[in-house]
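Here are some short exercises to work through with the model open beside you. Try each task before reading its solution.

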Amino acid sequence: MIEGISIYDVLTLTTILFFIGVYGFLTRKNLISILISVEMILNASVVNFVIINKYLYPDILQGVIFSIFIIAVAAAETALAVAIIINLYRQISSVEVKDTEVMKY
Amino acid sequence: MDFSNFLLMRFEVILLAVILLLIIGEIFITQAKKDAVIHLAIFLFGIHTAVGFFNLDDGSLFGGMYRTNTLIQCFKSILNVGVLILLLQSGDWIQEKIMKHGRGTEFFVLLFSSLFGMYFMISSGDFLMFYLGLELSTLPVAGLAAYETTKRISSEAGIKLILSAAMASGTALMGISLLYATSGSIYFSDVITAISPDSLTILGFVLFFSGLAFKISLVPFHFWTADVYEGSPIAIASYLSVISKGAAVFILMILLFTVLKPLIGIWEKLLYIIAIATMFIGNLFALRQQNMKRFLAYSSIAQAGFILLGLIIGNQLGAATVIYFVLIYIFSNLAAFGVVQAISLQTGKELMSDYEGLYRTNPNLSLIMMLALFSLAGIPPVAGFFGKFFLFTAAASEGYYFLVFLAVVNVTISLYYYLLVVRAMFLRKSNNAIPYFKNKIYMRLGLLITVIGILILGIYSPLYEYIYELSINLQ
């Protein structure tokens with residue numbers, strides 16, 4: 001429990017964070033920015049897990065353990081995505097979304 | 001300490017041993033004899049597939065995080081057979097295109113790691129194991145999609161796959177966290193007892209479902225499919241469309257039929273709408289495709305829509321028909337992708353117009369392609385007809401007549417575009433038809449197994465009865 005902060009405040013925060021991530025994923029023009037947006041979605045759920053664990057079910061640390069795994073997997077995901085982006089950059093010298101439109105419809 | 005419990009994880013242990021052996025082989029096999037890795041990988045995986053058919057006890061491990069029973073074993077064996085055929089079909093491609101750059105072993109290691117993740121995903125007993133399996137099955141495939149590093153479209157396919165997959169898994173995680181909030185546990189056995197259809201649970205379920213729907217490429221989440229299939233190597237495109245989709249269907253079925261059963265009123269309506277949208281959009285977009293890989297991508301989206309017909313009724317009959325359909329779909333789609341791969345490997349041609357006059361020059365390949373397409377379309381003598389027929393009767397038995405009617409309309413549409421390819425191969429004449437070529441032994445073996453599967457599976461009824469008996473495990 002954190003003094004003076006109810007669970008609703010934190011859940012509102014994570015929901016806002018989640019939808020900022022979704023909005024960024026859909027509107028950003030740069031592949032790296034899209035990656036950052038995805039990370040935001042993942043971090044929203046990490047905070048969600050920890051806070052639900054802390055406020056609602058403090059006896060068993062299931063949510064906290066889950067969040068550690070999410071952080072580890074997110075790191076792996078980012079590394080792979082950056083590797084692929086670098087490989088793409090070598091060929092087209094750009095990381096803009098509009099340059100990755102060879103295949104369409 | 002007693003390690004005999006770990007024998008329950010026989011599939012995972014043996015596959016891990018295969019992966020490690022391949023890595024050791026990579027170190028000790030000299031560069032001149034690198035081709036041996038292909039034979040080694042196929043041989044080891046063949047042994048693994050054969051061992052998988054032996055009887056395995058039911059049970060669970062790690063306090064219920066991992067569980068196995070005869071049905072899950074059947075799922076894993078189906079996936080094994082699919083991967084084995086895929087390896088046979090892509091062996092020549094790896095030898096000619098990939099081994100030159102000295103990157104053959106990594107291909108197998110990544111592919112097997114992805115399969116390893118699927119095993120854990122299917123046997124998962126809680127959401128943590130499920131999530132880890134989901135990620136482990138997706139991430140290596142993104143690396144594989146970008147495997148032809150000299151090709152621009154391959155990198156594009158890779159980045160599109162990894163970003164959409166990360167987005168989908170993030171959404172699914174948000175859903176899992178909400179389900180955790182309402183049920184108080186991440187273990188499936190606890191969730192079943194605690195779950196009830198209130199608003200937060202439904203929101204969590206919908207977010208969670210969208211993550212899995214992405215893997216099966218159901219309609220609002222299908223945008224990555226065609227691009228990724230076109231850009232990635234054909235072996236990976238067929239892996240995504242067959243194995244990855246099959247595994248996701250299996251785990252979705254397990255979750256819907258057991259854990260999320262109390263929400264049946266919600267997911268019934270959800271699947272109803274998504275099934276209609278998936279069938280129509282998949283089929284209508286397939287009509288205008290010229291590239292064979294894009295064509296098969298949209299056709300696989302439409303097939304996913306048909307699968308939902310079996311899922312929607314949520315009982316033993318539905319489960320049995322879905323498993324049977326997926327098994328047949330694996331064989332038919334692998335046959336189609338195998339022919340596309342054989343032609344692409346020899347000539348580099350992937351357009352539908354390149355297939356004109358194929359029957360005159362390569363009658364065997366055209367016949368296999370025709371069988372595969374007929375099976376996908378569901379024309380009577382071949383297996384695909386029985387798969388679709390059982391699905392439709394299962395849906396009709398629960399009173400979904402309108403849905404079945406729409407599905408039959410879609411079968412008619414799909415018949416049109418499948419026959420476009422058959423017409424190009426058999427009826428059209430062309431001056432620059434693909435010249436005659438002879439496939440190597442692995443490709444021929446791979447295609448032969450798929451043809452036998454397409455011809456036998458439909459009329460060998462004990463198989464369906466066996467699957468039906470196994471499906472009782474889902475109740």
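**Exercise 1. Describe the fold and spread of chain A.**

Start with the secondary structure: in this predicted model, chain A has three helices and zero strands. Reading along the sequence gives you the pattern α-α-α. Next, check how spread out the chain is. The radius of gyration of chain A is 17 Å, while the globule rule gives 13 Å for 105 residues, so chain A is more spread out than a compact globule. Its C-alpha atoms fill a box of roughly 50 × 25 × 25 Å along the principal axes. Now look at burial: 31% of the 105 residues in chain A are buried. Finish with the contacts. Among those between residues at least 6 apart in sequence, 48% join residues at least 24 apart.

**Exercise 2. Do the same for chain B.**

Count the elements first: chain B has 19 helices and two strands. Then take the radius of gyration, which is 21 Å for chain B; the globule rule gives 23 Å for 475 residues, so chain B is as compact as a globular protein of that length. The C-alpha trace of chain B spans about 65 × 55 × 45 Å along its principal axes. As for burial, 60% of the 475 residues of chain B count as buried. In chain B, 79% of the contacts between residues at least 6 apart in sequence join residues at least 24 apart.

**Exercise 3. Work out which parts of chain B touch chain A.**

Begin with the head count: 31 residues of chain B are in contact with 34 residues of chain A. Now ask which helices supply them. On the chain B side, H5 (127–145), H6 (152–183) and H9 (223–231) each supply at least two residues. H6(B) gives the largest share, with 17 residues. Sort the chain B side by class and you get 16 nonpolar, ten polar and five charged residues.

**Exercise 4. Check the length of H8(B), then find its packing partners.**

H8(B) covers residues 199–216, and at 1.5 Å a residue its 18 residues should span 26 Å; the end C-alpha atoms are 26 Å apart, so the two agree. For the packing, look at the buried residues of H8(B), which include Phe205(B), Phe208(B), Phe209(B) and Phe214(B), along with Lys215(B). The buried residues of H8(B) pack against H6, H10 (234–259), H11 (264–286) and H12 (292–311) of chain B. Just after the helix comes Ser217(B), with a positive phi near 55 degrees.

**Exercise 5. Determine how H3(B) and H10(B) run relative to each other.**

Take the axes first: those of H3 (residues 70–98) of chain B and H10(B) come within 10 Å and cross at roughly 175 degrees. Angles over 145 degrees count as roughly antiparallel, so that is how H3(B) runs relative to H10(B). Then look at who meets whom. Residues of H3(B) including Phe75(B), Leu86(B) and Trp93(B) meet residues of H10(B), among them Tyr239(B), Val242(B) and Phe250(B). By class, this contact has twelve nonpolar, four polar and no charged residues.

**Exercise 6. Decide whether Ser353(B) is buried or exposed.**

Locate Ser353(B) first, in the loop between H13 (316–347) and H14 (358–361) of chain B. Ser353(B) has 10 other C-beta atoms within 10 Å, so it is exposed. For a distance check, try Arg428(B): Ser353(B) and Arg428(B) are 75 residues apart in sequence and 9.6 Å apart in space, C-alpha to C-alpha.

How values were computed. Residues numbered from 1 in each chain as written. Chains lettered and ligands numbered in written order. Predicted model: local features only at pLDDT ≥ 70, side-chain atom pairs only at ≥ 80, totals over all residues. Contact = placed C-beta atoms within 7 Å. Helix = DSSP H or I, 4+ residues; strand = E, 2+ residues; numbered from the N terminus. Nonpolar A, V, L, I, M, F, W, Y, C, P; charged D, E, K, R; others polar. Rg over C-alpha atoms; globule rule 2.2 N^0.38 Å. Buried ≥ 20, exposed ≤ 12 C-beta atoms within 10 Å, placed from the backbone. Expected span 1.5 Å × (residues − 1). Axes fitted to C-alpha atoms, helices over the stretch in contact; angles between N-to-C directions. Parallel < 35°, antiparallel > 145°, perpendicular 65-115°, else oblique.
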